[in-house]
Each structure stands twice: as C-alpha cells, then as structure tokens.
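Reader: Hey, I've got a protein chain open and I'm a bit lost. Can you walk me through it?

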Amino acid sequence: METHTNADSGGREFHRVADDLRARMTNGTYPLRSFLPSQRDLAEEFGVSRDTVSRVMRELANEGWIESRQGSGSRVVKTQRIQSSTPKATRQLQGATLGPLLSEAFEQPEVTLDVYTLTSESLDAHIRLQAERIHQRSIAPQHIGLRMILPSEELVLPYPRVKDDKDDDRLRNRLHDITGRHTESLRGVLRDLRTEKLVPSVDIQIRHAPLTPTLKLYLFNGVEALHGPYEVIQRQIDVGSDGEIEEITALDVLGLGATLSHQVKDADPNSPGTVFVDTWQSWFDSVWNLLAE
C-alpha cells in the first residue's frame, strides 16, 4: 500500500485529470501516436501535484490508452475507433473518433440522443465539449433531448470485479461512484444550457434496467447509430481515497476506446444502413417503454 498526503491525490482531482485526458485522446486533441505533455506541464495546467499526474498516467497505461517510457514521455497508442460501411461516413471518419459524430448531431436544430451504456462516462466527456461550443456560440441547437438507459444500481454486475475475489465489492462501488458522478455532470451541463437560455428546450430522461450491458449503443437524431461490444480485459486499478491507495488486479471493460460500428439511414428502406438503424431504434424504444411500466 502507498500513502498519499497531498490534498489533490484523492478521487476528485484524480478523476478530473483522467477524464479530461481521456476526452482529449477521444476527440483527437492528442491523436494516435502523439505524445502527451510532460507530467510537469500537466500538473501545472490542471493545478494538481506531480504525484496525482503520475497516478493518472499509470491508470491510462493500465487501460491501454498510452505507452510510457522513461525519458521518452507518454505516447497515445489507442483512440476511439469507428468502422463504417457508409461511403460518406467512411470518407469523413476514417481513423476518427466519436467526437465528430456527436458534433455533427449537435449542429442540427433538433438534437435527440438515445444511449444504452454501462456508465455515462463517455457521453459526459463528449457532451461537455459540445456545451463549450454552445457557450462559444459556434452552434445553437434549439432542443436537446437525451434518453439514457443504465444498469440498475441493485444489479450485481459481473464486471468490473476483483480478479481473485468476486465477492469484493470495492470495484462495484467504484463503478456506481463513476456513474453517479458523470450522470450528475450530464444533468448539470444540459440544465445549465437551458437556465442560461442558450438552448430553449432541454429534456433529460434516465432509466435503469435490470440488464448487464454487453455493448454500448448511441442513436443520433433517429438517423445514425453507433454500436459496439464491450471488451473484457485484465488491468490494474488503484482503489482508495486520500489515505491509503491499493493497486488491485481487476477484470473490467473499457467504454472509451471501444471499437464501434457505424450506420446511417438513407432513402432505401431495405438498405443495410436503414435496417441497422431502425432495428436498434426499435429495440431501444421497446426497452425504454418496458421500463416505464
């Protein structure tokens, strides 16, 4: 066990820095094979200790985002990947991230998002980026509607869990903390846009299903779909708070960074893209309606 005495070494600052760096790698700020700023520069930018940045770098390396070498810095080795069979999307999004798709959706007057996911972490990171664009008056949607299905908090999920002790609930509690934090962030960001009269109409609805998500699904404005399975991996996770931090071996899944399949509806009701989007939209609507009963 390792003892930390710095005030910023606890969960809040650690997660703030880690979330921001994941978002930057996801949206292309730090593209594949690029180097992150030095730990000293990151500590100065975020106003945290070098110890906190060092812990974040270890977390990102364990998750497979970066590769760190002594004297060479930390290089990005993974970003969000999208596989698309849509010609237009293939041209525009080859090697791109989830960010451009969400950005395009938010450039419409009416924004509707239906999301099924394990946590709200990925969506929160991207929504915050779109909120910045709205504050900068770069885009001006008139309505934002979000429906999100998350797993029930009472459900005992098979992951994440401690590899050698399935009854250890520390990682399940950590997952609930992550989901709660990002869900509240989402609510706050979107409601602030309405309160500040930057977006006239905002509707946020979140329901919990007794289902273990084996995939994540995004439906944009009823015409585009992103879908991809979660990959179960073994990695090291730091657990603890301001006092003692323990590194444990976990079986976990990664959301940010997962490979997604992309399809777009067109005028042909029998085209693969239209069938793909319509099928997943029908599935989402059926689960959503069932949870309301």
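Reader: Okay, what share of the residues in the chain is buried?
Author: Buried residues make up 50% of the 293 in the chain. Keep in mind that this is a predicted model.

Reader: Got it. How many helices and strands are there in the chain?
Author: You'll find eight helices and 13 strands.

Reader: And what about the surface?
Author: The chain has about 14,200 Å² of accessible surface, and carbon and sulfur atoms own 47% of that.

Reader: What share of the contacts with a separation of 6 or more comes from residues 24 or more positions apart?
Author: That share is 72%.

Reader: Cool, can you show me a pair like that?
Author: Try Glu63 and Val253: they sit 190 residues apart in sequence, yet their C-alpha atoms are 9.2 Å apart in space.

Reader: Where does Glu63 lie?
Author: Look in the loop between α3 and β2, where β2 covers 66-69.

Reader: Is Glu63 buried or exposed?
Author: Glu63 counts as buried because its relative accessibility is 6%, and the cut-off for buried is under 20%.

Reader: Let's switch to Arg174. Where's the place of that one?
Author: Arg174 belongs to helix α7. With a relative accessibility of 15%, Arg174 counts as buried.

Reader: Which residues is Arg174 in contact with, leaving aside its neighbours within four places in sequence?
Author: Those are His15, Glu59, Arg235, Ile237, Asp238 and Val239. For Val239, the C-alpha to C-alpha distance from Arg174 is 8.0 Å, with their positions 65 residues apart in sequence.

Reader: You mentioned α7. How do α6 and α7 cross?
Author: Helix α6 (residues 121-135) and helix α7 (residues 170-195) have axes that come within 9 Å and cross at roughly 20°. The two are therefore roughly parallel to each other, since angles under 35 degrees count that way. The crossing of α6 past α7 is left-handed.

Reader: Which residues of α6 and α7 make the contact?
Author: From α6 it's Glu121, Leu123, Asp124, Ile127, Arg128, Ala131, Ile134 and His135, and from α7 it's Ile178, His182, Ser185, Leu186, Val189, Leu190 and Leu193. By type, the contact has nine nonpolar residues, three polar ones and three charged ones.

Reader: What about α2 and α3, at what angle do they pack?
Author: Helix α2 (residues 39-46) packs against helix α3 (residues 50-62) at about 115°, and their axes are 9 Å apart. So α2 and α3 are roughly perpendicular to each other. Their crossing is right-handed.

Reader: And who meets whom there?
Author: On the α2 side there are Gln39, Arg40, Leu42 and Ala43, which meet Arg50, Val53, Ser54 and Met57 in α3. That contact splits into four nonpolar, two polar and two charged residues.

Reader: New topic: anything odd in the backbone?
Author: The peptide bond from Tyr159 to Pro160 is cis, with omega near 0°. Pro160 is in the loop between β6 (143-151) and β7 (161-162).

Reader: Any strange phi values?
Author: Arg137 has a positive phi, near 65°, and isn't a glycine. Another is Lys197, also a non-glycine residue, with a positive phi of about 60°.

Reader: Where are those two?
Author: Arg137 is in the loop between α6 and β6, while Lys197 is in the loop between α7 and β8 (201-209).

Reader: And why do they count as exposed?
Author: Arg137 counts as exposed because its relative accessibility is 61%. For Lys197 the value is 73%, so Lys197 counts as exposed too. The cut-off for exposed is over 50%.

Key
Residues numbered from 1 in each chain as written. Predicted model: local features only at pLDDT ≥ 70, side-chain atom pairs only at ≥ 80, totals over all residues. Heavy atoms only, no water. Axes fitted to C-alpha atoms, helices over the stretch in contact; angles between N-to-C directions. Helix = DSSP H or I, 4+ residues; strand = E, 2+ residues; numbered from the N terminus. Parallel < 35°, antiparallel > 145°, perpendicular 65-115°, else oblique. Left-handed = near helix turned anticlockwise from the far one by under 90°. Contact = heavy atoms within 4.5 Å. Nonpolar A, V, L, I, M, F, W, Y, C, P; charged D, E, K, R; others polar. Buried < 20%, exposed > 50% of the residue type's maximum accessible area, 1.4 Å probe, protein only. Areas by Shrake-Rupley, 256 points an atom, 1.4 Å probe, with all protein chains shown as cover.
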